[in-house]
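Subject: A structure for you to explore

Hi there,

Here is the structure I promised to pass on to you. Please open it next to this email and follow along as you read.

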Amino acid sequence: MLEYPQVALDFMNRDHAEFVVLREKLLDRLAHHAADDEVDALLGELLEHTRRHFAEEERQMQEARFPPYPMHKGEHDSVLSGMTGQIERWQRERDAAALRDWLDCAVGDWFVQHVRTMDFVTAGFIEMKRKTG
């Protein structure tokens, strides 16, 4: 299970926990040779969850006038593009080992680093703005 810090905003903590559960479920299903359509459905769920989470985070960053918004948004865009590309690769090649490696290493490493850095700072800034007006 991934280890990552909690941040100052409940919705982010809740979404992060859901992301981790979806990722773990995918890794488990791949390890147990799940049917391709089951993996497709879980990948779709992970992508949609990530899109919704990023959209809400971006909305709150804009409302709070978070100065590094463009950098944080840029990372979101890059992650969504990469995730879409990996899903398309899976759909073309059905390479379970490659998908498992991506989810385990690239996604896991990115997620922990992103929460520890960008999300931690972003949530702290938004929470401070809420308290100070």
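Below is what I found in it, starting with two helices and ending with two single residues.

Please keep in mind that this is a predicted model.

**Two helices side by side**

A good place to begin is helix 1, which covers residues 10–31, and helix 4, which covers residues 96–132. How do their axes lie? They come within 10 Å of each other and cross at roughly 170 degrees. Angles over 145 degrees count as roughly antiparallel, and therefore helix 1 and helix 4 are described as roughly antiparallel to each other.

Try colouring the residues that make this contact. On the side of helix 1 they include M12, H16, F19, V20 and L27. On the side of helix 4 you will find, among others, L99, L103, W110, F111 and V115. Sorted by class, this contact of helix 1 with helix 4 has 15 nonpolar residues, two polar ones and four charged ones.

**The nonpolar core**

Next, look at the largest nonpolar core, which has 39 residues. Which of them touch the most other members? Those are V39, L99, L103 and F111. Helix 1, helix 2 (36–63), helix 3 (69–93) and helix 4 are the elements that each give two or more residues to this core. Helix 4 gives the most, with 11 residues.

F111 deserves a click of its own. Leaving out residues up to four places away in sequence, F111 touches L2, Y4, H16, F19 and V20.

**Two residues to compare**

Now find H76, which sits in helix 3. Is H76 buried or exposed? Its relative accessibility is 0%, so H76 counts as buried. The side chain of H76 makes a polar contact with the side chain of E57, at 2.9 Å. Apart from neighbours within four places in sequence, H76 is in contact with F54, E57, E58, M61 and H114.

Then go to M1, in the segment before helix 1. M1 has a relative accessible area of 72%, which means that this residue is exposed. Setting aside neighbours within four places in sequence, M1 still contacts V20 and E24. If you would like to practise with the distance tool, try M1 and G82: they are 81 residues apart in sequence, and their C-alpha atoms are 22 Å apart in space.

Have fun looking around, and send me any questions that come up!

Best wishes

Definitions and conventions:
Residues are numbered from 1 along each chain as its sequence is written. This is a predicted model: local features need pLDDT of at least 70, side-chain atom pairs count only at pLDDT 80 or more; totals for chains, interfaces and linings use all residues. Side-chain values use heavy atoms; hydrogens and water are left out. Axes are lines fitted to C-alpha atoms, for helices over the stretch in contact, and angles run from 0 to 180 degrees between N-to-C directions. Helices (H or I, at least four residues) and strands (E, at least two) are DSSP runs, numbered from the N terminus. Angles under 35 degrees count as roughly parallel, over 145 as roughly antiparallel, 65 to 115 as roughly perpendicular and the rest as oblique. Contact means heavy atoms within 4.5 Å. Ala, Val, Leu, Ile, Met, Phe, Trp, Tyr, Cys and Pro count as nonpolar, Asp, Glu, Lys and Arg as charged, and the others, Gly among them, as polar. A nonpolar core is a set of buried Ala, Val, Leu, Ile, Met, Phe, Trp, Tyr and Cys residues joined through side-chain atoms within 4.5 Å. Buried means under 20% relative accessible area, exposed over 50%, partly exposed in between (1.4 Å probe, protein chains only). A polar contact is a pair of N or O atoms within 3.5 Å; within protein, one must be able to donate a hydrogen and the other to accept it, and residues adjacent in sequence count only if both atoms are side-chain atoms.
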